[in-house]
Amino acid sequence: MTLLYKEMRLAAHPTSIVFAFLGCLVLVPSYPYSVIFMFGCLAPYITFLNARETNDIWYTAVLPVTKRESVLGKCLLTASFQLFQLLFSVPFTLLRNTMNIANNPVGLDATVAWYGFGFILYAVFDLVFLTAFYKSGYKVGKSFILAAIPMVFLMVAIEATSYIPALVWIDSYQPEHLLIQLPILIVGIVCYGVFVPLAYRISAKRFEKVDL
């Protein structure tokens, strides 16, 4: 928790914190909600970029922490941004249903399945971005571009599901359909729970070989 506190106070860019609150965009009637996930990916990118420009790696190196702990701090910060964003969006999703806002005509609604897809997208992005970044500890742009490729593909796939007649149940708030969507949410949570620790282990191993 001390590492996370240090990252939040000294490394997290203010813009990234703003992005974490954009889960409220699920209230917008006509909006591609997968873009919310993009903000959750931009948050760590901007923070890592800011950390590089402020020589955060060098600062952390003089602290009584190992390289592995330095990587752990950044991984915890990334996961905190993304998990907070998803959790923050839940009340607004419930409010949306209470207000009887019409189904999103642009793409997939913020259903249970949408949250599952979000976990999967974040899991894939984090695995690619973190492991690519910690090959050197400073190539933020290249790492983001590599991670953005599967991110964009998954965003398109998420929105496309609402246009496939056979998958109409994924875009429904009906209780029986929400129940069917639960396995997607579970798969998403499992993917996130496996990929993020895996990203940490690979990143830490690579960063230990980097000369600062």
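Buried means under 20% relative accessible area and exposed means over 50%, with partly exposed in between. The exercises below apply these classes to a predicted model.

**Exercise 1. Classify N55 by its accessibility, and say what its backbone shows.**

Solution. Begin with the position: N55 sits in the loop between α3 (34-53) and α4. Its relative accessible area is 43%, a value that falls between the two cut-offs, and therefore N55 is partly exposed. Turning to the backbone, the phi angle of N55 is near 55°, which is positive although the residue is not a glycine. As background, most residues other than glycine have a negative phi.

**Exercise 2. Find where in the protein confidence is lowest and where it is highest.**

Solution. Take the overall level as a starting point: the mean pLDDT of the protein is 90, and 99% of its residues reach 70 or more. Going element by element, the lowest confidence belongs to helix α4 (residues 56-61), with a mean of 78, whereas the highest belongs to helix α6 (residues 112-133), at 96. A general caution applies here, namely that where pLDDT is low, the predicted coordinates should not be read in detail.

**Exercise 3. Determine which parts of the protein the salt bridge between K74 and D56 ties together, and whether its partners are buried or exposed.**

Solution. First establish the contact: the closest N and O atoms of K74 and D56 are 2.6 Å apart, which is inside the 4 Å limit for a salt bridge. Next place the partners, K74 in helix α5 (residues 67-98) and D56 in helix α4, so that the bridge ties together parts 18 residues apart in sequence. As for accessibility, both K74 and D56 are buried.

**Exercise 4. Carry out the analysis for D109 and R96, and then identify the network that salt bridges with shared partners form.**

Solution. The closest N and O atoms of D109 and R96 are 3.0 Å apart, and the two residues form a salt bridge. D109 belongs to the loop between α5 and α6 while R96 belongs to helix α5, so this pair ties together parts that are 13 residues apart in sequence. D109 has a relative accessible area of 0% and is therefore buried; R96, at 1%, is buried because this value is also under 20%. Finally, salt bridges that share partners join K6, E7, D56 and K74 into one network.

**Exercise 5. Give the number of salt bridges, and assign an accessibility class to each partner in the bridge between E53 and R52.**

Solution. The count comes to seven salt bridges. In one of them, the side chains of E53 and R52 meet with an N to O distance of 2.7 Å. E53 has a relative accessible area of 53%, which is over 50%, so E53 is exposed. R52, in turn, has 33% relative accessibility and so counts as partly exposed.

**Exercise 6. Describe the positive patch and the nonpolar patch on the surface, taking one member of each as an example.**

Solution. The positive patch is formed by K135, K139, K142, K205, R206 and K209. Of these, K135 can be located in the loop between α6 and α7 (140-160), and its relative accessibility of 57% is the reason why it counts as exposed. The nonpolar patch consists of L179, L182, I186, V190 and V194, which together have about 450 Å² of accessible area. L179 is part of helix α8 (residues 175-207), and because its relative accessibility is 58%, it counts as exposed.

**Exercise 7. For T78 and D126, for T111 and I189, and for V28 and C191, set the separation in sequence beside the distance in space.**

Solution. Start with T78, a residue of helix α5 that counts as buried because its relative accessibility is 2%. T78 and D126 are 48 residues apart in sequence, and their C-alpha atoms are 8.0 Å apart in space. T111 lies in the loop between α5 and α6 and, at 2% relative accessibility, counts as buried; its C-alpha atom is separated by 15 Å from that of I189, 78 residues away along the chain. The remaining pair begins with V28 in the loop between α2 (14-20) and α3, a partly exposed residue with a relative accessible area of 28%. V28 and C191 are 163 residues apart in sequence, with a C-alpha to C-alpha distance of 28 Å.

Notes:
Residues numbered from 1 in each chain as written. Predicted model: local features only at pLDDT ≥ 70, side-chain atom pairs only at ≥ 80, totals over all residues. Heavy atoms only, no water. pLDDT = per-residue confidence, 0-100. Helix = DSSP H or I, 4+ residues; strand = E, 2+ residues; numbered from the N terminus. Patch = residues over 30% accessible without salt bridge, like charges linked within 9 Å, V, L, I, M, F, W, Y side chains within 5 Å. Areas by Shrake-Rupley, 256 points an atom, 1.4 Å probe, with all protein chains shown as cover. Lys, Arg positive; Asp, Glu negative; His and termini not counted. Charge placed at Lys NZ, Arg CZ, Asp CG, Glu CD. Buried < 20%, exposed > 50% of the residue type's maximum accessible area, 1.4 Å probe, protein only.
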